[in-house]
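Student: I'd like to learn how to read a model like this one, feature by feature. Can we walk through it together?

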Amino acid sequence: MPDPTKLSTATGQLGPVCAVTGKAMTFAEAIVLDGDYVCFEAYIEKTGASSATDGKEVGALDLD
């Protein structure tokens, strides 16, 4: 059970507050890192993680 002092309804539903940035999130947005809820940006900052795949350019779809 999350600590009630670290919860917020600022997004319109109950969710955690990022332990690093203080941003209100939904539980679906939150990432658990070392027992704390953090936002994606804080997760990248703390872990140095990056994408495991390379992006590719996709041309416009021609429906004619």
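**Reading the model, feature by feature**

Tutor: Let's start with one residue: Thr47 is partly exposed, at a relative accessible area of 37%. Keep in mind that this is a predicted model.

Student: Where does Thr47 sit in the secondary structure?

Tutor: Thr47 belongs to helix H1, which covers residues 40-47. Measuring C-alpha to C-alpha, Thr47 is 9.3 Å from Leu33 in space, with their positions 14 residues apart in sequence.

Student: And in what order do the elements of the protein chain run?

Tutor: Starting at the N terminus, read β-β-β-β-α. That comes to 4 strands and 1 helix. The protein chain is more spread out than a compact globule, because its radius of gyration is 17 Å, well over the 11 Å that the globule rule gives for 64 residues.

Student: What does the C-alpha trace span along its principal axes?

Tutor: About 55 × 30 × 20 Å. As for burial, 17% of the 64 residues count as buried. Turning to contacts with a separation of 6 or more, 8% of them are accounted for by residues 24 or more positions apart.

Student: How should I think about a nonpolar core?

Tutor: The general idea is that nonpolar side chains tend to be buried together in soluble globular proteins. In this structure, the largest nonpolar core has 7 residues: Cys18, Met25, Ala30, Leu33, Val38, Cys39 and Ala42.

Student: Take Cys18, then. Which residues is Cys18 in contact with, leaving aside neighbours within four places in sequence?

Tutor: Cys18 contacts Lys23, Met25, Tyr37, Val38, Cys39 and Ala42.

Student: Let's try a loop residue. Is Thr26 buried or exposed?

Tutor: Buried: the relative accessible area of Thr26 is 13%, and the cut-off for buried is under 20%. Thr26 is in the loop between strand S2 (15-16) and strand S3 (31-33). Residues up to four places away aside, Thr26 touches Thr11, Gln13, Gly15 and Pro16.

Student: What about backbone angles?

Tutor: The rule of thumb is that most residues other than glycine have a negative phi. Now look at Asp34: its phi is near 55°, a positive value in a residue other than glycine. Asp34 lies in the loop between S3 and strand S4 (36-38), and at 75% relative accessibility Asp34 counts as exposed.

Student: Last one, the surface. How much area does the protein chain expose, and what share comes from carbon and sulfur atoms?

Tutor: The protein chain exposes about 5,200 Å², with carbon and sulfur atoms supplying 53% of that. For charge, the protein chain has 4 positive and 10 negative charges, and their mean positions are 8 Å apart.

Notes:
Residues numbered from 1 in each chain as written. Predicted model: local features only at pLDDT ≥ 70, side-chain atom pairs only at ≥ 80, totals over all residues. Heavy atoms only, no water. Helix = DSSP H or I, 4+ residues; strand = E, 2+ residues; numbered from the N terminus. Rg over C-alpha atoms; globule rule 2.2 N^0.38 Å. Buried < 20%, exposed > 50% of the residue type's maximum accessible area, 1.4 Å probe, protein only. Contact = heavy atoms within 4.5 Å. Areas by Shrake-Rupley, 256 points an atom, 1.4 Å probe, with all protein chains shown as cover. Lys, Arg positive; Asp, Glu negative; His and termini not counted. Charge placed at Lys NZ, Arg CZ, Asp CG, Glu CD. Core = buried A, V, L, I, M, F, W, Y, C linked by side-chain atoms within 4.5 Å.
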